[in-house]
Amino acid sequence: MSRASITVENVSKHYETDSGVQHALSGVDLSIEDGEFVSIVGPSGCGKTTLLRLIAGLESPTSGRILVNGEMVTGPGPDRGLVFQAATLYPWRTVAENVRFALEVDDTSSAAADRRVQTLLQMVGLTDRAAAYPDELSGGMAKRVGIARALAPDPEILLLDEPFSDLDVATRESLQADLLSLWRDLGKTVVLVTHTVGEAVRLSDRVLVIQGQPGQVGTDLDVDIDRPRDPQTDSFKPYVNAIRRTIRADARTDQPTTQPVHTDHP
Ligand code: ADP
Ligand code: MG
């Protein structure tokens, strides 16, 4: 039996808009194993968010199919937790209440729910901010609440869409390290969309580059470096350079109207 946790089979996605059909993805095939940490990179507009939303079940493919643990995805489910770039916390709920709300339990006053919220806040290092409101949090803290909330139903798969892109370098690095520990400790399957190539190489087992317009998986690269990984080492840079070259080569073949490629430093 395959250990594939996520299988995307020949998936294409078009959007009907007022100005015509927008082709986001074309013939995407990929397979992600149970417990793998996979990053998805590629130029803006290549379909990364679309791919993640399809796996999440927030959109359906125009053609092809997506399986999670062998079951066809027909909508969102508690087996997949989502973290978006914008934290979208309820401003009138405390940190603990925001996380508790995501438990989706009928009896939200139960002691078991309380304990679960405490455990989740501990996992993301926010125990002492449980009673704070979102407008009292730093960007990094809000992001941690978003991660705790995504982990609340104990999903097997964590899907993250550029979760750290609006944070300063120090906060971003500390959250990257925390995400890595959570992945290792909890044994989740992680799919991280990022436009920072260094982040993908630092964290993942495998990096998928979405290429072309509409996008498909162009490059599939195993990152064979021991963790923790140091971007300053000789083994690290060749990966970053190889991925950047692929993205740049792809961007050169794009239409002139395409947005610039992000090539942030690691
Ligand atoms: P990325 O996340 O890689 O920047 P997206 O998945 O957001 O790319 O978008 C891929 C393409 O699909 C883009 O051309 C975008 O304009 C288009 N697209 C995405 N979502 C929609 C939508 N809801 N309606 C119409 N077009 C969309
Ligand atoms: Mg996107």
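A polar contact is a pair of N or O atoms within 3.5 Å. In this predicted model, K48 offers a good first example, with a polar side-chain atom lying 2.9 Å from an oxygen atom of ligand 1. Two further side chains take part in the same way. An N or O atom in the side chain of T50 is 2.6 Å from an oxygen atom of ligand 1, and for Q22 the corresponding distance is 3.3 Å. Taken alone, ligand 1 exposes 560 Å², and the protein buries 65% of that area.

The surroundings of the ligand can be traced along the chain. Three elements each give two or more residues to the shell around ligand 1, namely β1 (4-17), β2 (20-33) and α1 (48-56). Helix α1 provides the largest share, with 3 residues. The residues around the ligand include Y15 and T17, then Q22 and A24, and also the run P43, S44, G45, C46, G47, K48, T49 and T50. Sorted by class, this shell holds 7 polar, 4 nonpolar and 1 charged residues.

Attention now turns to the aromatic side chains. A pair of aromatic rings is described by the distance of the centres and the angle of the planes. In total, 3 aromatic pairs are counted in the model. In one of them, the ring centres of Y90 and W92 are 5.3 Å apart and the planes meet at 50°, so this pair is classed as tilted; planes under 30 degrees apart would count as stacked, and those over 60 as edge-to-face. Y90 also pairs with F101, and here the arrangement is edge-to-face, with 5.2 Å from centre to centre and 85° between the planes. This second pair links distant parts of the chain, since Y90 belongs to the loop between β6 (80-83) and α2 (95-101), while F101 lies in helix α2, 11 residues apart.

Ring pairs thus join Y90, W92 and F101 into a cluster. Its members differ in how they meet the solvent probe. W92 has a relative accessibility of 58% and therefore counts as exposed, the cut-off for that class being over 50%. Y90 is partly exposed, at 29% relative accessible area, and F101 is likewise partly exposed, at 42%.

A charged neighbour completes the picture. The charged end of R93 sits over the ring of F101, 4.1 Å from the ring centre. The charged end of R93 also sits over the ring of Y90, where the distance to the centre is 4.9 Å.

Note on methods: Residues are numbered from 1 along each chain as its sequence is written. Chains are lettered from A and ligands numbered from 1 in the order in which they are written. This is a predicted model: local features need pLDDT of at least 70, side-chain atom pairs count only at pLDDT 80 or more; totals for chains, interfaces and linings use all residues. Side-chain values use heavy atoms; hydrogens and water are left out. A residue is near a molecule or strand if one of its heavy atoms lies within 4 Å of it. A polar contact is a pair of N or O atoms within 3.5 Å; within protein, one must be able to donate a hydrogen and the other to accept it, and residues adjacent in sequence count only if both atoms are side-chain atoms. Accessible areas come from the Shrake-Rupley method with a 1.4 Å probe; for residues, only the protein chains shown count as cover. Helices (H or I, at least four residues) and strands (E, at least two) are DSSP runs, numbered from the N terminus. Ala, Val, Leu, Ile, Met, Phe, Trp, Tyr, Cys and Pro count as nonpolar, Asp, Glu, Lys and Arg as charged, and the others, Gly among them, as polar. Rings of Phe, Tyr and Trp (its six-membered ring) pair if their centres lie within 6.5 Å; planes under 30 degrees apart count as stacked, over 60 as edge-to-face and the rest as tilted. Buried means under 20% relative accessible area, exposed over 50%, partly exposed in between (1.4 Å probe, protein chains only). A charge sits over a ring if NZ of Lys or CZ of Arg is within 6 Å of the ring centre and within 35 degrees of the ring normal.
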